[in-house]
Amino acid sequence: MILLSIIFLLVVLAVVSAVMGSPMFFVVRQQESSIIERLGKFNRIVTPGFHVMIPFIERRAANVNLRTQEARYSLNGKTKDNVTIGTAVSVQFRVEQNQAPVVEQSGIYRSYYILSNPINQMESYIADALRSAIPGYTLDEVFDNKDLIAQNVKDSVTELMAGYGYEIITTLITDIELPKDVERSMNAINSAQRDQEAAKALAEAERTKTVVAAKAQAEAMEQTGIGIANQRKAIADGIAASLDTIKSSGVTAQEANELFLYTQWVEMMNSFAESGKASTVVLPSSFDSKSSILPDLLAAQQTEKGSGE
């Protein structure tokens, strides 16, 4: 009977508290923690699961998200060469979950009771660290050392935010925005550099082509010279062999030479006859090597004049 009375009283109290806006039972979700205050004063931190609190005396002051969160900021800074740039900064952070000797030193407690607006207040620290880091670099160096600058910002802000119960996971500079006039100038410089590199590449290609062609021509001329030399050697060897053959028949050297010249003339006449391009052919009246062909040429010229008349 006493147990039933207690149960009935609890049910009535739960209904009344729910109607009055002060629930007696509640559930904390995974990756969250709830801060419970009693009569306006911190009392305890409860973990995920089913919980009971005293209606009208206790209340859930806050649900603290324990998952990694992201904050994005658009911040400005001036480089070493006096160029004002805009940066898009992304910060991943979460509430510290390490066990503390006393609950007031835990990350959950400090994240709720110390900072009133952690996202905006963290932006101030990020902006200050970024504006201290960027002036150490020129515009080109900012692009080259973007990750290093982000790491310096993280190192500067991590210790500060740890005092408020937040852990900085990483800091990223996701974009760098330039003034329009500076962007146009950089594009023009890059375009000019690309044109210069292209001109160098074309000139080098043309030079290589010329060198290769000259080398090929030299090799071809060398091979042609070798061919002509071999051809002349073969002709000389053939002539020597022919003379030796003629001499071996018992004729004298003089007779052999005259016979060789006669055969050369016969071959030449055959060539003229086959080509059909020769209209007049003048031959010596004798194959005697001591005679001159000049009288024969004069006689042929007089004959042609007489025919023309």
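Reader: Why is E37 called buried or exposed?

Author: In this predicted model, E37 has a relative accessible area of 7%. Buried means under 20%, so E37 is classed as buried.

Reader: What makes the pair of E37 and R59 a salt bridge?

Author: The closest N and O atoms of E37 and R59 are 2.9 Å apart. The limit for a salt bridge is 4 Å between a side-chain nitrogen of Lys or Arg and a carboxyl oxygen of Asp or Glu, so the pair qualifies. E37 lies in strand β2 (residues 32-38) and R59 in strand β5, so the bridge ties together parts that are 22 residues apart in sequence.

Reader: Why is R59 called partly exposed?

Author: The relative accessibility of R59 is 44%. Partly exposed covers the range between under 20% and over 50%, so R59 takes that label.

Reader: How do you know that E58 and R44 form a salt bridge, and which strands does the pair tie together?

Author: The closest N and O atoms of E58 and R44 are 3.0 Å apart, and the cut-off is 4 Å. E58 belongs to strand β5 and R44 to strand β3 (residues 41-46), so the pair links parts that are 14 residues apart in sequence.

Reader: Are E58 and R44 buried or partly exposed?

Author: E58 is buried, at a relative accessible area of 3%. R44 has a relative accessibility of 23% and therefore counts as partly exposed, since buried requires a value under 20%.

Reader: What makes R94 and E167 a salt bridge, and what does the pair tie together?

Author: The side chains of R94 and E167 meet at 3.2 Å, N to O, and the limit is 4 Å. R94 is in strand β7 and E167 in strand β8, so the bridge ties together parts that are 73 residues apart in sequence. R94 is partly exposed at 30% relative accessibility, and E167 is partly exposed with a relative accessible area of 30%.

Reader: How many salt bridges does the structure hold, and which residues are joined into a network?

Author: The structure holds eight salt bridges. R38, R44 and E58 are joined into one network by salt bridges that share partners.

Reader: How do you know that the span of helix α3 agrees with its number of residues?

Author: Helix α3 covers residues 118-133, which is 16 residues. At 1.5 Å a residue the expected span is 22 Å, and the end C-alpha atoms are 22 Å apart, so the two values agree.

Reader: Which residues of α3 are buried, and what do they pack against?

Author: The buried residues of α3 are P118, M122, I126, A127, A129, L130 and A133. They pack against β6 (69-78), β7 (84-95), α5 (146-162) and β8 (166-177). An α-helix has 3.6 residues a turn, so residues three or four places apart point the same way.

Reader: What makes up the largest nonpolar core?

Author: The largest nonpolar core has 37 residues, and I85, M122, I126, L130 and I149 have the most contacts inside it. At least two residues each come from β5 (58-65), β6, β7, α2 (107-113), α3, α4 (139-144), α5 and β8. The largest share, six residues, is supplied by α3. Setting aside residues up to four places away in sequence, M122 touches A71, Y73, V91, F93, M161 and I168. Another core lies apart from the largest one and has five residues, among them F26, V28, V46 and M53.

Reader: Why is T87 called buried, and what does T87 contact?

Author: T87, in strand β7, has a relative accessible area of 3%. The cut-off for buried is under 20%, so the label applies. Beyond its neighbours within four places in sequence, T87 is in contact with Y73, S74, L75, L130, I134, I173 and D175.

Reader: Why is R110 counted as buried or exposed?

Author: R110 is in helix α2. Its relative accessibility is 16%, so R110 counts as buried, the limit being under 20%. Residues up to four places away in sequence aside, R110 touches E96, E104, Q105, L115, A162, G163, Y164 and G165.

Reader: Why is V27 called exposed, and what patch does V27 help to make?

Author: V27 lies in strand β1 and has a relative accessible area of 52%. Exposed means over 50%, so V27 is classed as exposed. Together with F25, F50 and V52, V27 makes a nonpolar surface patch of about 390 Å². The elements giving two or more residues to this patch are β1 (25-28) and β4 (49-52).

Note on methods: Residues numbered from 1 in each chain as written. Predicted model: local features only at pLDDT ≥ 70, side-chain atom pairs only at ≥ 80, totals over all residues. Heavy atoms only, no water. Patch = residues over 30% accessible without salt bridge, like charges linked within 9 Å, V, L, I, M, F, W, Y side chains within 5 Å. Areas by Shrake-Rupley, 256 points an atom, 1.4 Å probe, with all protein chains shown as cover. Helix = DSSP H or I, 4+ residues; strand = E, 2+ residues; numbered from the N terminus. Buried < 20%, exposed > 50% of the residue type's maximum accessible area, 1.4 Å probe, protein only. Expected span 1.5 Å × (residues − 1). Contact = heavy atoms within 4.5 Å. Core = buried A, V, L, I, M, F, W, Y, C linked by side-chain atoms within 4.5 Å.
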